[in-house]
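Dear colleague,

I am handing over the structure that we spoke about, and I would be glad if you could read through my notes with the model open beside you.

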Amino acid sequence: MSYKAAFIDFQGTLGGGGTDDIRSLEFFPFTSKAIRNLNVHEILVIGITNQSHISKGELTWDEFNEKLCQLKNNLALYGAHFDAVYCCPHTVQDNCTCKKPKTGMIDQALKDFDINLKKSYIIGDMGMTDMVLAKNVGAKAILVLTGVGRGSLNEYRHTWENTEPDFIAENLLNAVDFILNYTY
Ligand SMILES: [Mg+2]
Ligand SMILES: [Zn+2]
């Protein structure tokens with residue numbers, strides 16, 4: 001049988017730290033609980049993050065992986081885990097196929113796992129990347145109001161004006177509650 005997946009953005013969705021690179025990310029207090037709730041319901045938890053600081057030479061892969069390891073350890077303390085994490089290191093100028101809202105990271109996940117995209121979700125705080133990506137791949141789009149989520153609905157609404165989120169959640173934990181209570 002194929003899996004449902006929750007594709008989850010990093011900065012602004014899993015934690016604070018603004019739009020700096022991954023090193024500034026610290027989980028919100030509810031993040032491990034939210035991810036464990038997905039784990040126990042056998043919904044794949046897949047991190048998807050744009051880290052253009054890598055292409056710019058401001059963040060190395062070693063630094064990225066070291067921070068990711070810390071975050072995974074935080075989750076493990078709570079009995080939670082990512083099933084996979086995909087990272088786009090590119091800038092717009094690199095013209096790659098993986099920088100959200102392009103679909104490369106989702107395409108790779110579909111090769112690595114048996115996923116039913118129509119029953120899957122993309123959760124993020126940025127309309128023009130996360131919500132547009134969800135529409136590009138035919139998954140459900142959940143906007144969280146943490147991070148730049150409120151701004152996405154207000155001063156930046158024009159940057160994704162042709163896209164509607166399927167659900168607007170206060171935060172990641174509310175988004176997960178929605179997923180677990182939503183029946184098709
Ligand atoms: Mg974000
Ligand atoms: Zn890329």
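Below I describe what was found, beginning with how the model should be read.

This is a predicted model, in which local features need pLDDT of at least 70 and side-chain atom pairs count only at pLDDT 80 or more, while totals for chains, interfaces and linings use all residues. Residues are numbered from 1 along each chain as its sequence is written, chains are lettered from A and ligands numbered from 1 in the order in which they are written, and side-chain values use heavy atoms, with hydrogens and water left out.

**The zinc site**

Which protein atoms are the donors of the zinc ion (ligand 2)? They are SG of C88, ND1 of H90, SG of C96 and SG of C98, at 2.0 to 2.3 Å from the ion, where a donor is an N, O or S atom within 2.8 Å of the metal (3.2 Å for Na, K and Ca). Along the sequence these donor residues follow the spacing C-x1-H-x5-C-x1-C. The angles among the 4 donor atoms run from 98 to 114°, and the site is tetrahedral, a label given to four donors if all angles lie between 85 and 135 degrees. For orientation, the ideal angle for four tetrahedral donors is 109.5 degrees. Among the donor residues, C98 is buried at a relative accessible area of 15%, whereas H90 is partly exposed at 24%; buried means under 20% relative accessible area, exposed over 50%, and partly exposed in between, with a 1.4 Å probe and protein chains only.

**Salt bridges**

The count comes to 8 salt bridges, each being a side-chain nitrogen of Lys or Arg within 4 Å of a carboxyl oxygen of Asp or Glu. One of them joins K100 and D130, with 2.9 Å from N to O. K100 lies in the loop between β5 (84-88) and α4 (104-112) and D130 in helix α5 (residues 127-137), so this pair ties together parts that are 30 residues apart in sequence; helices (H or I, at least four residues) and strands (E, at least two) are DSSP runs, numbered from the N terminus. Both partners are buried, K100 at 4% relative accessibility and D130 at 1%.

A further salt bridge links R150 and E170, whose closest N and O atoms are 3.0 Å apart. Here R150 belongs to helix α6 (residues 149-153) and E170 to the loop between β8 (167-169) and α7 (172-181), so parts 20 residues apart in sequence are tied together. R150 is partly exposed at 45%, and E170 is likewise partly exposed at 44%. Salt bridges that share partners also join D9, K100 and D130 into one network.

**Helix α7 and residue L59**

In α7, the residues L172, L173, A175, V176, F178 and I179 are buried, and they pack against β1 (5-8), α1 (31-40), β6 (121-124), β7 (140-144) and β8. N171 caps the N-terminal end of α7, with a side-chain oxygen 3.0 Å from the backbone nitrogen of L173.

Where does L59 lie? L59 sits in the loop between α2 (52-55) and α3 (61-77), and this residue is buried, with a relative accessible area of 3%. Leaving aside residues up to four places away in sequence, L59 touches D21, I22, R23, Q51, H53, I54 and F64, a contact being heavy atoms within 4.5 Å. L59 and I22 are 37 residues apart along the chain, and their C-alpha atoms are separated by 8.9 Å.

With best wishes

Conventions
Four donors count as tetrahedral if all angles lie between 85 and 135 degrees; four count as square planar and six as octahedral if opposite donors are over 155 degrees apart and all others between 65 and 115; anything else is irregular. A polar contact is a pair of N or O atoms within 3.5 Å; within protein, one must be able to donate a hydrogen and the other to accept it, and residues adjacent in sequence count only if both atoms are side-chain atoms.
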